[in-house]
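Visitor: Could you take me through the largest pocket in close-up? I'd like to hear how much space it holds and what lines it.

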There are 2 protein chains.
Amino acid sequence: MMSTAHRVPSASALTLADLEALDRGDRLRALHDAFTAPDALVYLGSNSLGPLPRETPARLQEVVARQWGQDLLRGWTAHDWIGAPHRVGDKIARIIGAGQGEVAVADSTSVNLFKLLTAACRLQPGRSVILSEPGNFPNDLYVAQGLRAMSDGRIQLRLVSADQIETAIDERVAVLLLTHVHYKTSAVHDMARITERAHRQGALTLWDLSHSAGAVPVNLDAAQVDFAVGCGYKYLCGGPGAPAYLFVAQRHQAATVSPITGWLGHAQPFDFVDDYAPAAGIGRFLAGTHPILGIAALEVGIDLMLQADAQARVDKSRALTDLFITLVESRCAGLGLQLGSPREAATRGSHVAFRHDQAYAVMQALIARGVIGDFRAPDLMRFGFAPLYNSYTDSWHAAEALREVLQTAVWDRPEFRQRRAVT
Amino acid sequence: MMSTAHRVPSASALTLADLEALDRGDRLRALHDAFTAPDALVYLGSNSLGPLPRETPARLQEVVARQWGQDLLRGWTAHDWIGAPHRVGDKIARIIGAGQGEVAVADSTSVNLFKLLTAACRLQPGRSVILSEPGNFPNDLYVAQGLRAMSDGRIQLRLVSADQIETAIDERVAVLLLTHVHYKTSAVHDMARITERAHRQGALTLWDLSHSAGAVPVNLDAAQVDFAVGCGYKYLCGGPGAPAYLFVAQRHQAATVSPITGWLGHAQPFDFVDDYAPAAGIGRFLAGTHPILGIAALEVGIDLMLQADAQARVDKSRALTDLFITLVESRCAGLGLQLGSPREAATRGSHVAFRHDQAYAVMQALIARGVIGDFRAPDLMRFGFAPLYNSYTDSWHAAEALREVLQTAVWDRPEFRQRRAVT
């Protein structure tokens, strides 16, 4: 057995036994068994939807059958449903390097983006530009475009390519809106350097952490980030459509008000007065009644994430993705694949993208063999590695399946080539 | 056994046996057993949080353990997670008199209000006033106030008392924002007449149906309503913080755009293009990834509601609340109670409010006896009757418990008088 996990032998010498040894030496191995094993051979979709923690069904049963079923409306106090956005927000804060009281669970990533982008623009009355990059996760661009439409032209959206972002930040930029880990390529922005550069020009920053939290190092407070949002259903394993979260740096909370001034963001919601007064802290960014079932499921995933040593998580994510790239490039050489992600692990998220002319059909053929990744038009396959869940042997089996699919050209069958609307 | 349900004998002659007979003759009796019985003696809180359908835990188990746990990201297509907002929205449409394609499940009531109120104001560029009533559910006023703040004074909020609403609608009113059934008093607005009056003045209407859907007759299309929102956790029995829904009349859909332009409101979200283009129909009012667990639980409650004959539901709601008022007023005469709801059933929702100087303590004492209602400051007790769940004998037991609490003044004990922050 190898004494040190995360040390990967060179590609030519690698055997399945080597990877089994790495798995045995994995410090996070115990957490693997905290997840439900799907019927699939290898699940590499945590960048889209994280696996199910074994405890989630029982936790939901408790919340549904006992708390809701027996205690009914008394659950809001008896089980502190009312405090759930803060309780779980504070746990997420520990994953993304934020302080207590800086994070709340709320709404969806889109709605949170709208709230914080609007609020940030209003903190910058003399500035009109939201700066982002083309090919950013479209949702984030759409939300900015909606805000632009609402402003009747006062707010503008400027898109410049990633390598031009830093020089494009000028005195017209109100907010820099970036996704930390790119949803397609997995490329990671240097959050601290870009935030520092933005602040030097008087711009605020809003980071989307959807592909970051639980997957790559994030330290919002160290980077002096102003605002952030993220989803709960990827590496945080909160389930399909899990509630999202938002971060507002402590120093901005008193001056920043949400455009969506719902009752649970009120200073005293249960006084039922006619006039809105924002809650003192991060609570002012809550709006409507929060989803107790969704937060309960999310909390299970967050608690698991907090059981893992943060450095071990990051090390394993990098080792898994390094290994997968090494295996695929050595075994699938000449079969039409091209790495679509950064080669340097420190600048890459926890998924790996490969391009192929027939990426859709190849992914369908992989799925038919039990290797679950996903496809993004026009030519990208994504393979997401969850450091708590995936094993080194997963990389091996996935790379072997990919080799077989490409060598036999099995993807060329009609059933794999036929596109469905949603993938 | 009485041959006709919903015929209530006169107060003086009423016996518990009469009410047991009414229960035996209840056409909706079978649905009572479709809900989990709480440990409480009588649950009268469905105006706040509806009871748990027996099927919900198993449905969630299926969605969580099998769909998420085994099929993972493939659930979006394999189990039509992607279509859930429309599938369940179309079912809600049948409860509120809307057409197919006019309702979607989305976000919270607050967020939906923000979306539709903003969108409605933008349809009325020459008008600046949102008209509502003081004491409307504060959330709705807060959302309007947030929109006013965002508009830098272009949008104004005008509040006039309910009896002045119709005459206050003039050519400055962009949108009339009303809650159909008042959250405190249970008073019902005449939706059709007020909407007709608003249209005659060129105003649009936005109705909050949170206390209406499943409780009182609602026919949005017959009343020519423009926009509506509602929550899923009261009479619809979707669970704590269940997803909400929104209605946009077919005739407005093409011209109306949400301010929160998230990716699932895009015409082709899975093309991942940079530019936003709204979906053709009600789908443009979706924003972020929707909560699959929450929608699954909500759908169980909606399906139960659809099993009940709509007229039987309304008849029973009126009979239950009539009976409760009759019993309380005859048995608690001279004990400091005052009816806080309309006496005429057709102008009342499915909850009854009584005022008492010590309403908080009285409600705590009732809860200690297993009769669960709730308190609204300063002096209101609310008793909500779910026509699918509650029985005629529930009214009897609740009225008897109230009489005992008031006659013995047990509410005067310190443990009942001490206020908690949330009730």
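Guide: In this predicted model, the largest pocket holds about 390 Å³ of space. A pocket here is an open set of points on a 1 Å grid over the protein atoms alone, where a 1.4 Å probe fits, with protein on both sides within 12 Å along at least five of seven lines; grid points are joined across faces, edges and corners, and the volume is the space filled by probe spheres set on them. Local features need pLDDT of at least 70 and side-chain atom pairs 80 or more, while totals for chains, interfaces and linings use all residues; side-chain values use heavy atoms, without hydrogens and water. Residues are numbered from 1 along each chain as its sequence is written, and chains are lettered from A and ligands numbered from 1 in the order written.

So who's on the wall? The lining has 18 residues, each with an atom within 4 Å of a point. Lying nearest the centre are A:Met150, A:Ser151, B:Met150, B:Ser151 and B:Asp152. By class, the lining has 8 nonpolar, 4 polar and 6 charged residues (Ala, Val, Leu, Ile, Met, Phe, Trp, Tyr, Cys and Pro are nonpolar; Asp, Glu, Lys and Arg charged; the others, Gly among them, polar). Helices α6 (109-122) and α7 of chain A, plus α6 (109-122) and α7 (138-150) of chain B, each supply at least two lining residues; helices are DSSP runs of H or I, at least four residues, numbered from the N terminus.

As for the two chains, a turn of 180° and a shift of 0.0 Å along the axis lays chain B on chain A with an RMSD of 0.0 Å, superposed by least squares on C-alpha atoms with pLDDT of at least 70 in both. That's the relation of a two-fold axis. Both copies use the same surface: 100% of chain B's contact residues recur in chain A, contact being heavy atoms within 4.5 Å.
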